[in-house]
Amino acid sequence: MTEQFTYPSRPAGPADLFLFMGQSNMAGRGITCSRFPQSAPVCLPGAGWEFRAVSDPNRLHPAEEPFGALENRPEGIFEPGMKTGSMVSAFINAYFEETHTSVIGVSASKGGSAIREWQPGSPFLDDALLRLRTAEKYLADNRIPIRHRFVLWCQGETDGDLGTSPSVYKEDFLRMLEALLSEGIEHLFLIRIGYYNAAATPGLPTPDYAPIQRAQDHLADTCPQVTMVSRLFSDMLGKGLMKDAFHYYQHAYNLVGEDAGHHAGEYVMKQATAPDL
């Protein structure tokens with residue numbers, strides 16, 4: 001007879017706190033199909049928890065997909081029924097494998113959001129920061145030490161649709177980043193957006209996402225608080241892994257999450273062993 005595993009109720013030691021922020025491809029629109037039947041991975045024992053700052057701020061839940069599905073605040077980040085499966089579980093597993101440190105994740109993503117909607121004083125950023133503060137208080141009250149505070153960010157398709165100029169995108173991104181840093185976030189890990197799937201909308205104009213991709217590359221190259229951790233979304237159109245014009249099958253989210261988790265974990269471990277300057 002096999003003994004049933006019970007997921008621990010809290011991390012065994014200090015944990016890294018992550019805000020998972022951005023638009024729909026961070027929030028998660030993953031589904032399966034006959035060609036790509038892969039579901040989201042189950043989190044490794046002790047690898048990660050979801051803190052539900054809106055719907056259940058009094059305990060930790062084992063991280064699972066669809067991550068953040070219940071986290072809807074009508075006056076802030078609100079998209080009930082939209083989250084179907086994200087990259088978060090895959091990211092947590094890969095990050096845990098690299099760092100041996102648990103993740104406490106907070107969902108703070110809103111589909112269809114432009115960078116201008118993530119500015120200081122905006123409902124989305126205000127809600128994300130409120131969720132961060134709520135998590136901080138819960139962890140402090142329950143004596144769960146926080147080792148690092150990070151953001152994993154994936155957003156920009158809407159700005160490609162709107163034709164946002166790269167200079168405006170970068171200015172607005174840096175303004176948002178400054179607000180996050182002022183709240184104690186130490187570093188932002190960036191996932192670059194992919195391409196628009198024109199085949200899903202024949203006869204309609206095809207937006208060009210390359211200018212936003214280049215802006216994101218430039219931000220990662222020039223801002224010390226930003227690290228690019230995955231560009232794999234750019235490969236998914238050619239692999240047939242887009243389910244519509246903007247979104248992906250769950251297998252694609254798994255691949256991107258794993259890639260980003262390993263690179264984020266490698267960055268954290270490198271920083272931990274770097275000599276003081």
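In this predicted model, Gly68 is in contact with Glu50, Lys83 and Ser107, once residues up to four places away in sequence are set aside. Gly68 sits in the loop that runs between β3 (56-62) and α2 (88-99). Despite this loop setting, Gly68 counts as buried, because its relative accessibility is 0%, against a cut-off of under 20%. Looking back along the chain to Asn58, ten residues away, the two C-alpha atoms are 15 Å apart.

We turn next to helix α6. This helix covers residues 210-222, 13 residues in total, and the distance from its first C-alpha to its last is 18 Å, close to the 18 Å expected at 1.5 Å a residue. Its buried residues begin with the run Ala210, Pro211, Ile212 and Gln213, and also include Ala215, Gln216, Asp217, Leu219 and Ala220. The partners against which the buried residues of α6 pack are both helical and extended: the helices are α4 (157-162), α5 (166-182) and α7 (233-236), and the strands are β6 (187-191) and β7 (226-230).

One of these partners, α7, is home to Ser234. Ser234 has a relative accessibility of 14% and therefore counts as buried. A link from Ser234 back to α6 can be followed at the side-chain level: the side chains of Ser234 and Gln213 form a polar contact at 3.4 Å, and Gln213 is itself among the buried residues of α6. Beyond Gln213, and again leaving out residues up to four places away in sequence, Ser234 touches Arg192, Ile193, Gly194 and Tyr195.

Notes:
Residues numbered from 1 in each chain as written. Predicted model: local features only at pLDDT ≥ 70, side-chain atom pairs only at ≥ 80, totals over all residues. Heavy atoms only, no water. Helix = DSSP H or I, 4+ residues; strand = E, 2+ residues; numbered from the N terminus. Buried < 20%, exposed > 50% of the residue type's maximum accessible area, 1.4 Å probe, protein only. Contact = heavy atoms within 4.5 Å. Expected span 1.5 Å × (residues − 1). Polar contact = N/O pair within 3.5 Å; in protein donor to acceptor, adjacent residues only side chain to side chain.
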